[in-house]
Amino acid sequence: MKHQLTIYYEEFSSFSELSETERLMIEKASVICEKAYSPYSSFNVGATLLLSNGEFISGSNQENVAYPSGICAERVALFFAGSNFSNESIETIAIVSKGELLKMDQILSPCGACRQVLIESEFRQKRPIRVILTSQDGRVVVFSSIVDLLPFAFGK
Ligand code: THU
């Protein structure tokens, strides 16, 4: 028996088509992206979360000369939120990148490890996390749940 999986997502050609809060999240992710510590890849990533209490949490990627010891921007923000706001759920994550690893019109899509952490947050809070992905030239792709980015996820 064959099955087909369909994933829906929205695409916008400019930030101006987004809500004010979404634009603010992208702005915050862009600001923190500049503060990444990325001497080994020269690739900066910023991630901003919107929590259920209205708080914004931002993180940037932090690298290390022992490469696997570094961590992605998304997990910096997610683990900070998990540590300091464990009773709040995550409503949205916005991700911004700057660097030559990606072409200007390429959307940065989170790595597998970050998707796994994101999906566990979603399972724990029993509410979907909206994901806003951007390209360096202003394109935006929005997913309404991490499940769409990690189908058939490993879980409990
Ligand atoms: N990186 C992130 O911070 N988030 C992603 O979604 C993908 C990759 C970081 C890890 C590393 O510091 C650099 O980007 C190059 O892979």
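**Strand β2, the ligand shell and the overall fold**

In the predicted model, strand β2, which comprises residues 44–51, is mostly covered, with 8 of its 8 residues buried. This burial extends to both faces of the strand: N44, G46, T48 and L50 are buried on one side, and V45, A47, L49 and L51 are buried on the other. Since burial is assigned under 20% relative accessible area, each of these residues falls below that limit when the protein chain alone is counted as cover.

Strand β2 is paired with two other strands. With strand β4, formed by residues 90–98, β2 runs antiparallel and is joined by 8 bridges; within this pairing, L51 of β2 has I90 of β4 as its bridge partner. With strand β3, formed by residues 56–60, β2 is likewise antiparallel, and 5 bridges join the two strands, T48 standing opposite S58 of β3. The hairpin made by β2 and β3 has 4 residues between its strands, and in this hairpin G54 adopts a positive phi near 90°.

The ligand is surrounded by a shell consisting of S41, F43, V45, N61, E63, C72, A73, E74, L101, L108, P110 and C111. V45, a member of this shell, also belongs to one of the two covered faces of β2. By residue class, the shell divides into 8 nonpolar, 2 polar and 2 charged residues. Polar contacts to oxygen atoms of the ligand are nevertheless found from side chains as well as from the backbone: a polar side-chain atom of N61 lies 2.9 Å from a ligand oxygen atom, and a backbone N or O atom of A73 lies 2.9 Å from an oxygen atom of the ligand. For E74, the separation between an N or O atom of the side chain and an oxygen atom of the ligand is 2.5 Å. Taken alone, the ligand exposes 370 Å², of which the protein buries 80%.

Two further backbone conformations merit description. Most residues other than glycine have a negative phi. K126, although not a glycine, has a positive phi of about 55°, and its place is in the loop between α3 (112–125) and β5 (130–134). The residue is exposed, with a relative accessible area of 71%. F152 is also not a glycine, yet it has a positive phi of about 60°; this residue is found in the segment after β6, the strand of residues 140–143. F152 is exposed as well, its relative accessible area being 82%, a value that contrasts with the burial of the residues on both faces of β2.

At the level of the whole chain, the protein contains 3 helices and 6 strands, and from the N terminus on these elements run in the order β-α-β-β-α-β-α-β-β. The radius of gyration of the protein chain is 15 Å, close to the 15 Å that the globule rule gives for 156 residues, and the chain is therefore as compact as a globular protein of that length. Along its principal axes, the C-alpha trace spans about 45 × 35 × 35 Å. Of the 156 residues in the protein chain, 42% are buried, whereas in strand β2 burial applies to 8 of 8 residues.

Key: Residues are numbered from 1 along each chain as its sequence is written. This is a predicted model: local features need pLDDT of at least 70, side-chain atom pairs count only at pLDDT 80 or more; totals for chains, interfaces and linings use all residues. Side-chain values use heavy atoms; hydrogens and water are left out. A residue is near a molecule or strand if one of its heavy atoms lies within 4 Å of it. A polar contact is a pair of N or O atoms within 3.5 Å; within protein, one must be able to donate a hydrogen and the other to accept it, and residues adjacent in sequence count only if both atoms are side-chain atoms. Accessible areas come from the Shrake-Rupley method with a 1.4 Å probe; for residues, only the protein chains shown count as cover. Ala, Val, Leu, Ile, Met, Phe, Trp, Tyr, Cys and Pro count as nonpolar, Asp, Glu, Lys and Arg as charged, and the others, Gly among them, as polar. Buried means under 20% relative accessible area, exposed over 50%, partly exposed in between (1.4 Å probe, protein chains only). Two strands pair if DSSP finds at least two bridges between them. The radius of gyration is taken over C-alpha atoms; the globule rule is 2.2 Å times the number of residues to the power 0.38.
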